[in-house]
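Hi,

Here is the model I promised to pass on. Have a look at it first, and my notes follow below.

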Amino acid sequence: MEIHISVRNLVEFILRSGNIDNRRAAGPENAMQEGGRIHRMIQRSMGADYHAEVFLRHIEKTPDYEIHIEGRADGIIISRGGDKIFPPGLPENGAEPESGDLVTVTIDEIKGTYRDIHKMKEAVPVHLAQAKCYAHIYGIQNGLKHIRVRLTYCNIDTEEIRYFHFAYEKGELEKWFEELMGQYRKWADFQFAWQKERQASIKNLSFPFPYRKGQKELASYVYQTIYHKRKLFIEAPTGVGKTISTLFPAVKAFGEGIGQKIFYLTAKTITRTVADDAIELMRKKGLKFKSVVLTAKDKVCFMEETDCNPEYCPYAKGHFDRINDAIYDLLTCSDNFNRQAVENCAREHKVCPFELCLDMSLFADGVIGDYNYLFDPHVYLKRFFSEGVRGDYIFLIDEAHNLVDRGREMYSAVLWKEDFLTLKKTVKEYELKLYRQLEACNRELLTLKRQCEDYAYPDDEDMAPFIRALTRLSATMEDYLEDNEESAVREDVLAFYFEVSHFLLINDKLDENYVAYTELASDGGFCIRLFCVNPAKNLQECMMRGRSTILFSATLLPIQYYKRLLGGEAQDYEVYAHSVFDPEKKRVFVAGDVTSRYTRRSNMEYYNIAAYIHEIASQRQGNYMVFFPSHVFLKNIYDMYCSYFQDSDQVQCLLQEERMDEKSREDFLARFAAAEDGEKTLLGFCVLGGIFSEGIDLKKDRLIGAIIVGTGLPQVCNEREILKGYFDARGESGFDYAYRYPGMNKVLQAAGRVIRTVDDVGIIVLLDERFLNNSYLRLFPREWEEYERTSLGQIGRRVERFWNEWL
C-alpha cells in the first residue's frame, strides 16, 4: 500500500513553529505573487549546466507500506568538479561522462517575493528544508557523497536576486531526513491503517438507492472517464441524482486505487451541503471515508474582524504549537470534518478554524468546497496544486454552467483611477514615496483617459508606462506593509495592494484570450480592465493538475458551447442523461402573442402579460414563481397585475427586492414552504438569473408553476459586445455566445425549480414569441419536445385541462 505526500507538504506540516501570521512575516513566498514568471525567467537565464523542473520521487519503505515523497526541483546545476554522477534524465545504462570528468551538483530552490531582498538575513527555514529534501533524494539516487543547495530569492518587481548557499555531506542529509521522516511516521501509520479500513469498505459498498432509469449508465460513464483520465461533460436534468451518480463511481474508482483524492467543487453553499449529505448517506451504508467541507475564512473566523495578527487574535498566537494535536484529535474521532466539527475542535484546542480546515484536507479522502480552491489564481490549494506535479486527483465540478462567468471573473482584473486618488490623499501624511508613486500611476491613467471617449482599446505600447509605474508602486507598498505593522493606514494600503497584485498577475497572463480596454463611466469614473473573454485555457490548465474532471449541470446546453469555454478537448466525452420523471406530470406552454422585446414594451403589452399570469394562476390554487428580465420590468407587470387582476382574498404576492440580505431571502422562501397547504394562491415576482431562479429546492406543492417572461438575454453593454465581436471574429455566432446561450441558461434554471421529485406535478410557461423561433427551439432540452403553443385566449383552458388530469 502506498501513502503519497509532496515534499512541500511534508516540510510545512512537520516544521511548524511560531504564530499563524509567520507566513506573512517571513513571507518571501507571498500568497499574492506570480512566482511562475520569476521561475521561468531565472531558469531561462541559466546556462547548459542548469536542468529546470526536475521531477524527483523517493520511496521510503516500511514493513507494511511505502511512503512516496515527490516534488519538482526548480533547478539542478551540474558543473565540472566533484562527484561522478549521471545528469538528470540520463538512464543508468546510458553514456557515462568521460573518465575523470567529475561534476558538482547544486539543488536550486527559487522563491519569488515582493520584499526587499537586501533586508533578508537568512533563508526561510521551510524553504531550506524543501531544498534539503530534494538534495537528499537526488543524492541517494546518484550515489553522491557531497551536494550543494542554493536558495534563490528574486524580487518580483525589481527582478533583483539574492542567493543563500549551503553544502552538505551524505551522512548529514541522511540523518536529517531520517529525523524528519521519524516525525512523520505517526501520521503515516494512521493513514496506512485508515486506508486498509477505507478500501475494504468501498469494496463492499453498493449504490444507496434502487437505480433509476439511466442512472446506472451515467455512473458507468463517470467511472470510465476517470479510468481513462479524460473529462466528461454531463447535461443531467433535475431528478437524475447528479451528486450521488458522480460521487459513487468516483468513490468506487478510489477504492480500486484510481485517484488519490476526490475534490467536489461548486459555486453555492447549498450544493456543498448536498455533497456532504451524499457522502454521509454512503457512510450509513458502510462507507469509511473522511471528508472536509472547506469554509471561507470570513465565515468561519471566531473574531469580529478577520485579522490574523497574534496580538489581536488568541487563536493565531501560538497556533502552530497546538495545531498538530488538534489535527490528530479531529482525525481520530471523526470522519466528517464539516464546519461544526472543525469549529468545535478549533475552540477546544484554541487554533485558527480556517487553518485547521485547510490542514484537514491533507488527510481527507474527499474535499468539498468552492470553485476557487482549484481555479482561483490566488486562493487555490497550494498544498496540492503548486508543486508543478500532476496529482492523481478526481475533480467533480457541480453546476458547471456557473464556471464560465466565474472563470472570466477570476481571470479578469480592473483598476479605477479614482481609487488611486483616494489612497493618495489617505497616505499623504504617512508616506511621501507611496504618495508620489500613486500620483505617477494616476498621471499614466490620465494619459489613457485623454485617449478614451466612452471606450478605448490600448495596445501593449500604450499600457507599458502604466504597468511600469504600477510595478514600482507594488514594490513600495510591499515595503511599507512590511515595515509599518502598526500604521493607521495599513488596512487601506493592504486592500489596494491586493487589487494591484491581482492586476499585475493577470497582466502577465495576457494573450489572445484577453481584451484590454479602458472605460469612461457615466459618473465620470475611469477604469482600465483586463477582460478574460475566453477562460478555457486558464481553466484547462487548472484541471490538468488532476487525473480526471467530471463537469455536470442540469443546464449545460448547448453542450459544445460549454465544452469549448470550459477547457474541453476533442477527446473528452459528453453525455446527455435522460430525465427520470414522467413527462406527463409536466407541461410546457409557449406563448406566441407576447414578448419582452424593448421595441414592444408598452402598457398594452404589460397588461397582456399580467392577464397571462392571472389566467394561469386562476386555474389552480397553489404557489407560483414569475420570473422577469429586470426589476423595472417586474415592477411594471406587478403594478398592472395589482390594478386589474389581483383579488387579495384569493392571491398573495411577494416581490424580490433589489437588495436582500440572507434573512430576507430565507423569509421569502419560508413563505412558500408555509403556504403549501394555505388557502391562498401565492405569486412570487422574481428576477430571472437572480437568487430565486437557481439553487432553491421547493418540492411537491411548494411550487407548482414557473412563468418565465422573456428570453433572459443579458443587457447590452460593452463587455457583452466585446464577447460578441471576439467570437464573431473566430467564425462563431457571437450573438449566441454573448447573449442567447447565457440567456437561455437562465430560463432553463428558472424552469428547473418546478419539478424536483418524482412526485411533483407542475407547469412551465414561456411568455415570449421568440421562444418559437428555431434558434431557441433547438436549445430546448429533450424533456420539452412536446411543448404546446398557446395564446392569451387559450392559456386558461389549456392549463385547466392539464390540472384536471392530475386532480
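I'll start in the sheet, with Ala-456, whose bridge partner in E15 is Thr-518. Keep in mind throughout that this is a predicted model.

Ala-456 is in strand E14 (455–456), and two bridges join E14 to strand E15 (residues 514–520), the two running antiparallel. Zooming out, the sheet is an open one of four strands in the order E13-E16-E15-E14, with antiparallel pairing. Its edge strands are E13 and E14, each of which pairs on one side only. Helix H17 (residues 432–450) packs on this sheet and touches E15 and E16, and its direction makes about 85 degrees with that of E16.

At the other edge, E13 (residues 413–416) pairs with strand E16 (residues 526–532) over four bridges, again in the antiparallel sense. Ala-413 stands opposite Leu-530 there. E13 also has two faces worth a look: Ala-413 and Leu-415 are on the covered one, while Val-414 and Trp-416 are on the uncovered one.

Next, helix H6 (residues 215–227). With 13 residues at 1.5 Å each, H6 should span 18 Å, and its end C-alpha atoms are indeed 18 Å apart, so the two agree. Which residues of H6 are buried? They are Gln-215, Leu-218, Ala-219, Val-222, Tyr-223, Thr-225 and Ile-226. Looking down the axis of H6, these buried residues fall within an arc of 160 degrees, so they line one face of the helix. The general background is familiar: an α-helix has 3.6 residues a turn, so residues three or four places apart point the same way. Packed against that buried set are strand E7 (231–235), helix H7 (242–255), and strands E12 (393–397), E17 (548–553) and E18 (573–576).

H28 (residues 792–806) can be read in a similar way. Its buried residues are Ile-795, Gly-796, Val-799, Phe-802 and Trp-803. They cover an arc of only 135 degrees around the axis, which puts them on the same side of H28. Turned away from that buried side is a face carrying the exposed residues Gly-793, Arg-797 and Asn-804. The cover over the buried residues of H28 includes helix H22 (603–617) along with strands E19 (586–591), E20 (623–628), E24 (762–767) and E25 (788–790).

A few backbone spots in the loops are worth checking by eye:

- Lys-229 is not a glycine, yet has a positive phi of about 60 degrees. Lys-229 is in the loop between H6 and E7, and at 49% relative accessibility it counts as partly exposed.
- Glu-399, also a residue other than glycine, has a positive phi near 50 degrees. Glu-399 lies in the loop between E12 and helix H15 (402–410). Its relative accessibility is 15%, so Glu-399 counts as buried.
- The peptide bond from Leu-557 to Pro-558 is cis, with omega near -10 degrees. Pro-558 lies in the loop between E17 and helix H21 (559–565).

Last stop, Asp-483, found in helix H18 (residues 460–483). What does the side chain of Asp-483 make a polar contact with? The partner is the side chain of Lys-119, at 2.7 Å. Asp-483 counts as partly exposed because its relative accessibility is 46%. For scale, Asp-483 and Ala-521 are 38 residues apart in sequence and 37 Å apart in space, C-alpha to C-alpha.

Cheers

How values were computed: Residues numbered from 1 in each chain as written. Predicted model: local features only at pLDDT ≥ 70, side-chain atom pairs only at ≥ 80, totals over all residues. Heavy atoms only, no water. Buried < 20%, exposed > 50% of the residue type's maximum accessible area, 1.4 Å probe, protein only. Polar contact = N/O pair within 3.5 Å; in protein donor to acceptor, adjacent residues only side chain to side chain. Expected span 1.5 Å × (residues − 1). Arc of directions from axis to C-beta. Contact = heavy atoms within 4.5 Å. Pairing = 2+ DSSP bridges. Axes fitted to C-alpha atoms, helices over the stretch in contact; angles between N-to-C directions.
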